[in-house]
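Welcome! Below are some short exercises, each with a worked solution. Keep the structure open beside you and try each task before reading on.

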Amino acid sequence: MVNTTISAQMQQSLSNRLMSASLIDNPIMNQIHSIHASDGCSRHIDMKPLLRFTENILQNALPTTIDTPATPQEAQTQLNELLEDYDGHYDFLKLYLAQIIKRTSCKISCTCGQSAYAATLEVFKTLSSFTWETKVVLALAAFSVTYGKFWLVAQPSPTNLLAKSIAILEQLPDMLADKEPWKPKFEAPSNLIKTILEVTKCVVEFWELLSEYMTDGRGMPTAAAHIPTAVYWTIHGMVVCTKRTMCLTDMGQEDIDQTMEDWYLSSLDHKLSQIHDYLKEQLAVCRQHIRERREIEAYKMIEHLLKTPQIDNMKILGALICAKAEQLPLFDGLNKKRARLDVLWKKNVLLFISELEVPYQELSILEKMYLESRQDPTKEESQYEVVWLPVVDGSTPWNEEKDRHFETQKASMTWYSVFHPSLLETAAIKYIKEVWGFNKKPMLVALDPMGRVVNPNAIHMIYIWGPTVAFPFSKSREEGLWKEVTWGIELLAAAIHPMIVDWISEGKYICLYGGDDIEWIRRFTDVAKSVESAADIKLEMLYVGKSNLREKVRKNNDSIAQENLSHVLPDLSSAWFFWARLESMWHSKVQHGENAERDPIMQEIVSMLSFDGGDHGWAVFGRGWGDMSQMTKAKGDTIVYCLRDYHVWENNIATKGFVGAVNDYLPQLHTPHHCNRLVLPGTTGRTPDRVACAECGRPMEKFIMYRCCTD
């Protein structure tokens, strides 16, 4: 019977070894450092291919893998990939590495007559001229050779008679006949080998990061000081595992030795696991620091490129969109295929920046304008491209639902998109938000063929005048367009529907009205039709609704059409666009430094937006083109009272015209008391600190409003 009781002497011996493992790091490391080449001439070899090859050997040799081996085809494919990587990387170094690995393997294996500590020192002497990460990978490769050879013999294939014969001579017949009793004997070594492999990977990755950012790494100097200790205990663990494996055929004190050795191996595993956890924490710190540093460098690069004259737009676009030489970072929405970045070479480019979900109205209006402007590719104003850059919230993980939504959105667009949101650089997103002012609402940043930003947000001028007139979308072009226009029905509504242009050219009077109260709409349209008949004029009325009450506007449209009260816009997107254009006019004026106190058009824009912010109806009457245009406007009850008093001011029509006569009478109906609200979307551009009331000219009080409207 085998005695399984550990004697007091053996317990003391094992306790001493454990004490050594935990308390003598400093004396050991002093000796290890004295062996290590410290003159700055340590040799470094890229160890990643060798580490991958070694990992493959160990994974195939571990008992847990042996029970579920890969198929011959899988194994051969894996080996071919590793060989291609290994041969292509080392080339003429292969023979040199083989010699080093052979010598090191000998040092690891020859533990007879010496302690594991002494054998470990011999390994370090053999590898003294190499850097720390090179030492540990070479030692691991040497260990994998010894360990792999053992398992080639310990579990040969049925047809491998040579391996069977050697196994018999090595006294391993029981392992061949029945593996189950042997599995517990390999549990502690297997666990330690897995930890050794993980620590080695951490050491290699850490030194890669350290070599890239040597001088400025938070946590790096502290962690770097622990690398030699990690390498020592990792190589020491290899030596102990080798000794444990070679002693498996010792049948005399087998169970006693196994208990002692497993205890020591478990302690080493625990120590290396602590080292591994520490290195992982430090790696996380280093990775975060490197990400931040790279983002800062990338951000500065974007700033530099946009401030420096370029020969084309490729560097600018490449800094915004991650585009390696072999990548196809764009998706061509028209032809439904991937595209290279150089399809945008020396073209005017509109960067369509939005969140992942683009509001339907905005997308449909922009799509319609884009297609109309490109009907004749030979025209200069059609020589531009649009690229969708979706800004994704990085605080929430990317998932299948977001991916499906992105793919659906991308497929619906006829212009270019980034192939995936992850291709938009983090530094680019930061620049887009901090410098270009993106904050949820879609925007169009205009770049000229040289990559210069000619307009940080051209969406407003495109909404106002359309892409054909707005081309090439520069701020100077926008400023020039404002100088060419005057306030009137043409500017206010001609872009909303073609019939408005026809009405203007036919000399008709045009009334635009809005609000959500269907009873007021009935009263207003009834009295307006009566005045039209009495004044013998041609009046066309068009309901434009409100900016935010979609369902209410839809119901009003249905009622107005059924009761033949007036014209309505063909769809809700057109109603939305009417108010979006007004907001864009306001933003455009603000971007050019204008305010309502000194700019007449700005005053009219503020008045119209005040109408939309109120609870009552309103109406605008106008006629004519350009400088000949006439306009007047008023809120709900005021305009109704004015029209009902037609008999009071009808005689003025002959001299002042219909619009002039209404305009002259309206001040008589105004009362000192009024309450006007102006709702300005402050998510793009800058919001002025002071806005004057459109009715009395006094400064309006400023409030902050949060709105959630699901209508």
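Two strands pair if DSSP finds at least two bridges between them. Strands (E, at least two residues) and helices (H or I, at least four) are DSSP runs, numbered from the N terminus. This is a predicted model: local features need pLDDT of at least 70, side-chain atom pairs count only at pLDDT 80 or more, and totals for chains, interfaces and linings use all residues. Residues are numbered from 1 along each chain as its sequence is written, and side-chain values use heavy atoms, with hydrogens and water left out.

**Exercise 1. Find the bridge partner of Tyr 513 in S9.**

Step 1: Go to strand S8 (residues 509-514), which runs parallel to S9 and is joined to S9 by six bridges.
Step 2: Look across from Tyr 513, and you reach Tyr 543.
Step 3: Now try S10 (residues 567-568), a parallel strand joined to S9 by two bridges; here Tyr 543 has Val 568 as its bridge partner.

**Exercise 2. Work out which helix joins S8 and S9 into a β-α-β unit.**

Step 1: Between the two strands comes helix H22 (residues 518-535), and the unit is right-handed. Right-handed means that, with the strands pointing away from the viewer, the path from the first strand over the helix to the second runs clockwise.
Step 2: Carry on along the chain: S9, helix H23 (residues 550-563) and S10 also make a right-handed β-α-β unit.

**Exercise 3. Explain why strand S9 is largely enclosed by the rest of the structure.**

Step 1: Recall that buried means under 20% relative accessible area, exposed over 50%, and partly exposed in between (1.4 Å probe, protein chains only).
Step 2: Check one face of S9, where Leu 539, Met 541, Tyr 543 and Gly 545 are buried.
Step 3: Turn to the other face, where Glu 540, Leu 542 and Val 544 are buried too.
Step 4: Seven of the seven residues of S9 (539-545) are buried, so the strand is largely enclosed.

**Exercise 4. Decide whether Lys 440 is buried or exposed, and do likewise for Phe 473.**

Step 1: Lys 440 lies in the loop between helix H17 (426-434) and S6, and its phi is positive, about 80°.
Step 2: Its relative accessibility is 54%, so Lys 440 counts as exposed.
Step 3: Phe 473 sits in the loop between H18 and H19, with a positive phi near 70°.
Step 4: Its relative accessibility is 1%, so Phe 473 counts as buried.
Step 5: As background, most residues other than glycine have a negative phi.
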